[in-house]
Amino acid sequence: MKRFIVLAEFLALLLVAVAEAAPTIAEVTHSEFQAVNASGEQTYNATEKVILEGILLHNPADMLDPTPDDTVTELFNISGQWQIFFQGEGNDHAGTAVWMGQLYNNLPWVALDGGYTNEEFKAELSRLNAAQFSPGDRIRVTGYYLSYSGKTNVNEQHNKNPDHDFTIERVQRGVGLPRPEVVSLDELKDDDDNFIFDPTQQAGCEYYQARLIKIEDVYFADANDWDPHGELVITDGAKTLPVKLGRGNGIYLGSNNLAEPFDIIGVMNQESANLIDGYRLYVMNYDGNGSVLASREHRRADKPGDLNLDGIVDYDDINELLEDWLK
């Protein structure tokens, strides 16, 4: 009997220890998760892990290069990287990035064995892609997080141990991409062409961060770096905005055929050392249409029903639908 009591007490203590070790977790909105203070610092710290739902905005491979290379030893060079943006729905006017890298051990605070081998990183990519999600799907992301350059990302906290894996579930296929919000440069920059920072996230760049937006009637102030991962600048003649190109297959040297002025659709992003500037529009791909700098799926979202992507919803789109149906 005494041995039974001792065993029961041991099991009770073990259960308490396990409960204490389990990370705290809660389902939160993107708006709650991305809250900042007057200095641009992230304020969410209610739990160690979060659960977020939203609409996936792009293909991950159109943003960063996931190709692994475990021979890289350069400090701060992570080698293969994977990232997505997904945004909240309804009144949840915010969005979040989800990021994973390969060689965390090239960061000075991570142990030398803290990076993924090529085989391990490929296995992680396969695990994430098993959800078979596509742009326009509703997804649920569960994981740890860190603040990064003005926003809070779901990630592994630079820890490759399986207990730090984030997970992605496809909640509903084909919900549809959100229609890009039309935003002017006047809403993003002040009269001195400085970024408008509103810590309440009710206006300015913070209001649109990590969301799909459209800016109309702009032209290039600088397009010399047109290429995968290139950095450009657009202007409306008075104010400017940096643009970051992704690595979609329509972005390559010589593929810029845009007539000016043009419209542009992308994801509002921020990477800033002082946390209150450094905003830029991230364009993942370009379909070569000549009038709108955007990926094909983002142009479709901009004008639902415009199946032939000529900028007009008319009988030609019905004909294309019928032809596709007959096939």
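Me: In this predicted model, what makes Phe33 and Tyr44 count as buried or exposed?

Reply: Phe33 is buried, and so is Tyr44; the word is used because the relative accessible area of a residue so described is under 20%.

Me: Why is the pair of Phe33 and Tyr44 called edge-to-face?

Reply: The ring centres of Phe33 and Tyr44 lie 5.8 Å apart, which is within the 6.5 Å required of a pair, and their planes stand at 65°, which is over the 60 degrees required for edge-to-face, so the name applies. It is one of 14 aromatic pairs in the structure.

Me: What parts of the chain does the pair of Phe33 and Tyr44 tie together?

Reply: Phe33 belongs to helix α2 (residues 30-33), whereas Tyr44 sits in the loop between α2 and β2 (49-56), so the contact joins parts that are eleven residues apart in sequence.

Me: How do you know that Lys189 lies over the face of Phe195?

Reply: Lys189 is placed 4.7 Å from the ring centre of Phe195, within the 6 Å that the definition allows, and Lys189 is listed as lying over the face of that ring.

Me: Why are the buried residues of α3 said to be on the same side?

Reply: The buried residues of helix α3 (residues 118-129) are Asn118, Phe121, Glu124, Leu125 and Leu128, and they cover an arc of only 125° around the axis, which puts them on the same side of α3. In an α-helix there are 3.6 residues a turn, so residues three or four places apart point the same way.

Me: What covers the buried residues of α3?

Reply: The cover includes β3 (81-87), β4 (95-101) and β7 (167-172).

Technical notes. Residues numbered from 1 in each chain as written. Predicted model: local features only at pLDDT ≥ 70, side-chain atom pairs only at ≥ 80, totals over all residues. Heavy atoms only, no water. Helix = DSSP H or I, 4+ residues; strand = E, 2+ residues; numbered from the N terminus. Expected span 1.5 Å × (residues − 1). Buried < 20%, exposed > 50% of the residue type's maximum accessible area, 1.4 Å probe, protein only. Arc of directions from axis to C-beta. Contact = heavy atoms within 4.5 Å. Phe/Tyr/Trp six-rings, centres within 6.5 Å; stacked < 30°, edge-to-face > 60°. Lys NZ or Arg CZ within 6 Å of the ring centre and 35° of its normal.
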